[in-house]
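Trainee: Please pick a single part and take me through it slowly. I would like to see how its pieces fit together.

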Amino acid sequence: MTTITHARKRLLKSSGLLTALIIISLISTAQNFPNGFARVTVASTINSPTNMTFAPDGRLFVCEQTGKLRVIKNGVLLNRAFITLSVDASGERGLLGVTFDPDFSNTHWVYLYYTRPDGSNNRIIRVKASGDTAVKNTIETVLDLDPLSSATNHNGGSIKFGKDGKLYVAVGENANGANSQDLNTYLGKLLRINADGSVPPGNPYNTGSEQKKRIWCYGLRNPFTFAVQPLTGKIFVDDVGLSTWEEINDATESKKNFGWPNAEGRSNNPAYTNPLFQYNHSGDPDKTGCAITGGTFFSPANTNYPVKYQGNYFFLDLCNNWINRLDLNDTLRHVFATNVGGSNVSMATGPDGNLYFMSRDNGAVYKIVYSGGAPTAETQAAKELQAVNLLAYPSPANAEITIETKRFNTENTLIKIFDAKGVLIKQMKVNAEKTLINTSALPKGFYFLLATDGVNTGKIKVEIMH
């Protein structure tokens with residue numbers, strides 16, 4: 001695994017994580033994925049990609065830092081940009097975020113976050129789509145953020161609609177840590193606004209400045225990306241650190257103060273909310289790095305990925321070119337892939353059930369596909385044992401289902417129930433070969449049952465009907 005030089009670290013932290021990408025690239029080495037997984041190039045020749053989002057109709061929209069919003073349609077990068085904005089692209093400025101109205105099929109609104117060409121401030125606009133291009137005379141300003149200093153780094157830029165239909169905006173502190181604790185500026189915050197930029201009900205501060213009224217959470221340094229879990233509405237913010245720690249912060253609930261600049265990583269100060277997860281800048285190169293620049297909840301409606309990956313939070317680092325994952329059942333961190341690109345940014349879960357990410361060094365969008373892997377004697381034996389180890393009946397089930405765990409250690413067997421999207425619904429310890437589970441409260445549909453005693457594992461698909 002390629003390591004980062006101290007000079008590169010200093011440059012990334014002093015002049016900004018995106019600026020350094022343009023000048024310095026890492027030495028590439030062989031890709032390393034779990035058995036059966038592979039990286040496939042979706043598109044290349046993209047100019048300094050910063051962020052990407054899938055439209056509800058399946059098209060992938062990619063932000064180029066210099067102002068073009070590109071469209072990948074049916075696996076092809078279209079020559080004509082959806083829109084070209086005039087932007088200030090110095091340092092970490094430029095076109096930094098894109099998202100779509102929850103009712104896009106009717107409203108056709110596309111939302112963009114960018115730095116105005118004079119560098120005065122970052123702005124959120126919306127524009128109507130007509131097919132694969134924007135109708136420029138429909139552009140509306142949603143929200144002008146606070147004036148920027150001469151510092152060109154720490155702009156944040158990710159924008160997404162939450163499950164509640166409100167627009168969430170991640171804003172960097174513009175290289176001034178004091179902004180993060182100041183409730184009278186948008187800088188260093190996660191904002192929550194209506195689609196037109198106005199203040200929605202339910203925000204934590206209903207008095208004070210206009211900035212304060214739009215704040216959801218604060219104490220952030222450079223929240224370059226964040227993700228929303230489609231089913232639960234959970235919000236995880238990927239906050240780029242300074243000298244030691246990179247953070248994943250749970251911003252599902254409002255009014256949280258994540259501590260910057262007074263705390264980086266975990267703190268003993270009860271005024272600050274500690275990260276859900278953090279990793280540092282030194283140590284195992286497959287688990288450390290310099291900047292967390294992408295994350296996604298992997299909960300697609302359909303996927304051929306193994307069950308253990310479903311419902312996980314995948315994230316990546318700019319410098320060490322790995323992808324890791326958090327199992328949200330126990331928040332344990334696992335290395336998923338290494339040496340996968342160069343200066344990677346942004347992750348997304350595609351409607352095809354695959355993970356996507358981008359490389360600035362390569363100017364490319366990649367997807368990670370799973371072919372099932374070449375069968376080995378060990379995996380084939382495991383598959384044959386699953387039918388013996390784990391039974392569930394009747395299927396379809398109505399009000400209850402019996403789970404039979406044969407050949408398991410009955411003193412230490414854990415059963416997990418996942419819905420069709422890979423979200424953990426229920427888990428329980430059992431101490432008998434047969435367990436009766438009440439399913440009357442579960443919506444009808446398909447579910448996956450997984451049983452493990454730490455050595456043996458079995459999984460089975462069942463259907464519930466009422």
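Mentor: We will look at one sheet and the loop that follows its last strand.

First, the ground rules. This is a predicted model, in which local features need pLDDT of at least 70 and side-chain atom pairs count only at pLDDT 80 or more, while totals for chains, interfaces and linings use all residues. Residues are numbered from 1 along each chain as its sequence is written, and side-chain values use heavy atoms, with hydrogens and water left out.

Now the sheet. It is open, and 4 strands build it in the order 7-8-9-10. Strands here are DSSP runs (E, at least two residues), numbered from the N terminus. Their pairing is antiparallel. Two strands count as paired if DSSP finds at least two bridges between them. In general, strands of a sheet pair through backbone hydrogen bonds.

Look at the edges. Strand 7 (95–100) and strand 10 (133–147) each have a single partner strand, so one side of each lacks a neighbour in the sheet. From one strand to the next, the twist averages 20°. Such angles run from 0 to 180 degrees between N-to-C directions, with axes fitted to C-alpha atoms.

Zoom in on one pair. Strand 7 meets strand 8 (residues 109–115) over 5 antiparallel bridges. There, valine 98 faces leucine 112 of strand 8.

Now leave the sheet. Histidine 154 sits in the loop between strand 10 and strand 11 (156–161). Its phi is positive, about 65°, although histidine 154 is not a glycine. Is histidine 154 buried or exposed? Its relative accessibility is 7%, so histidine 154 counts as buried. Buried means under 20% relative accessible area, exposed over 50%, and partly exposed in between (1.4 Å probe, protein chains only).
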